[in-house]
Amino acid sequence: MPSSPQKLLWLVRHGQTTRNRDGALAGWDDVDLTSAGESQARALRPELAAQTFDQVWASDLIRAVRTAQLAWGEPQTDARLREIDFGALDGRLWETLDAEHKEALLRFEGFVAPNGESLVQLQSRVEDFIDMLPTGRHLLFTHGGVIRVLCHRLGNTAFAQPGTVTVVDWTNQVLMRASI
């Protein structure tokens, strides 16, 4: 019996930025890659070039677009693949966050950014994007929160490091590869 068509997602977290490096939150602020982040992106090229994808997408934020350009080529962009909107917390150092926000982010449940988004809103917009994709193999250049919300849905709370690839069989709700 032939298998049903799959929606396979290759999720690439953008390369390192100054915010990642310094332990600061980077939501919708448009921060660029560091030289280390550019090197991480270039290092992905051989692995990605060995694959075939039906569509290639990126968040519209420069760190994701630049990672895509260096690791693959020009992507289509969509704002639904953006990181969570940290609102008033954007740019804040982790150690300066109050205990309630830290705990909610670590558990990845119940977080609501002041003047920004909640994790529920992030999940809704990301799943809206994923739902519009046809079956096939899709390469998505995105952010840690986006990857985490998709993996969380599959029962995995792993956190993708900058410049890594996570592979998800969305049709069968299976995490095939977690690069942490």
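This passage describes the overall fold of the protein and then its largest pocket.

The structure is a predicted model. A good place to begin is the secondary structure, which comprises six helices and six strands. Read from the N terminus, these elements follow the order β-α-α-β-α-β-α-α-β-α-β-β. The radius of gyration is 16 Å, close to the 16 Å that the globule rule gives for 180 residues, so the protein is as compact as a globular protein of that length. Measured out along the principal axes, a span of about 55 × 35 × 25 Å describes the C-alpha trace.

Turning to the interior and the surface, 51% of the 180 residues are buried. Of the contacts between residues at least 6 apart in sequence, 68% join residues at least 24 apart. The protein exposes about 8,200 Å², and 50% of this area is supplied by carbon and sulfur atoms.

The largest pocket is a helpful feature to look at next. Its volume is about 530 Å³, and 25 residues line the pocket. Those nearest the centre of the pocket are Arg13, Ala24, Leu25, Phe86 and Phe159. By class, the lining is made up of 13 nonpolar, seven polar and five charged residues.

Several helices take part in this lining. At least two residues each come from helix H1 (18–22), helix H4 (99–107), helix H5 (119–132) and helix H6 (144–153). Helix H6 gives the largest share, with three residues.

Terms used. Residues are numbered from 1 along each chain as its sequence is written. This is a predicted model: local features need pLDDT of at least 70, side-chain atom pairs count only at pLDDT 80 or more; totals for chains, interfaces and linings use all residues. Side-chain values use heavy atoms; hydrogens and water are left out. On a 1 Å grid over the protein atoms alone, a cavity is a set of points where a 1.4 Å probe fits but cannot get out, and a pocket is an open set with protein on both sides within 12 Å along at least five of seven lines; lining residues have an atom within 4 Å of a point. Grid points are joined across faces, edges and corners, and a volume is the space filled by probe spheres set on the points. Helices (H or I, at least four residues) and strands (E, at least two) are DSSP runs, numbered from the N terminus. Ala, Val, Leu, Ile, Met, Phe, Trp, Tyr, Cys and Pro count as nonpolar, Asp, Glu, Lys and Arg as charged, and the others, Gly among them, as polar. The radius of gyration is taken over C-alpha atoms; the globule rule is 2.2 Å times the number of residues to the power 0.38. Buried means under 20% relative accessible area, exposed over 50%, partly exposed in between (1.4 Å probe, protein chains only). Contact means heavy atoms within 4.5 Å. Accessible areas come from the Shrake-Rupley method with a 1.4 Å probe; for residues, only the protein chains shown count as cover.
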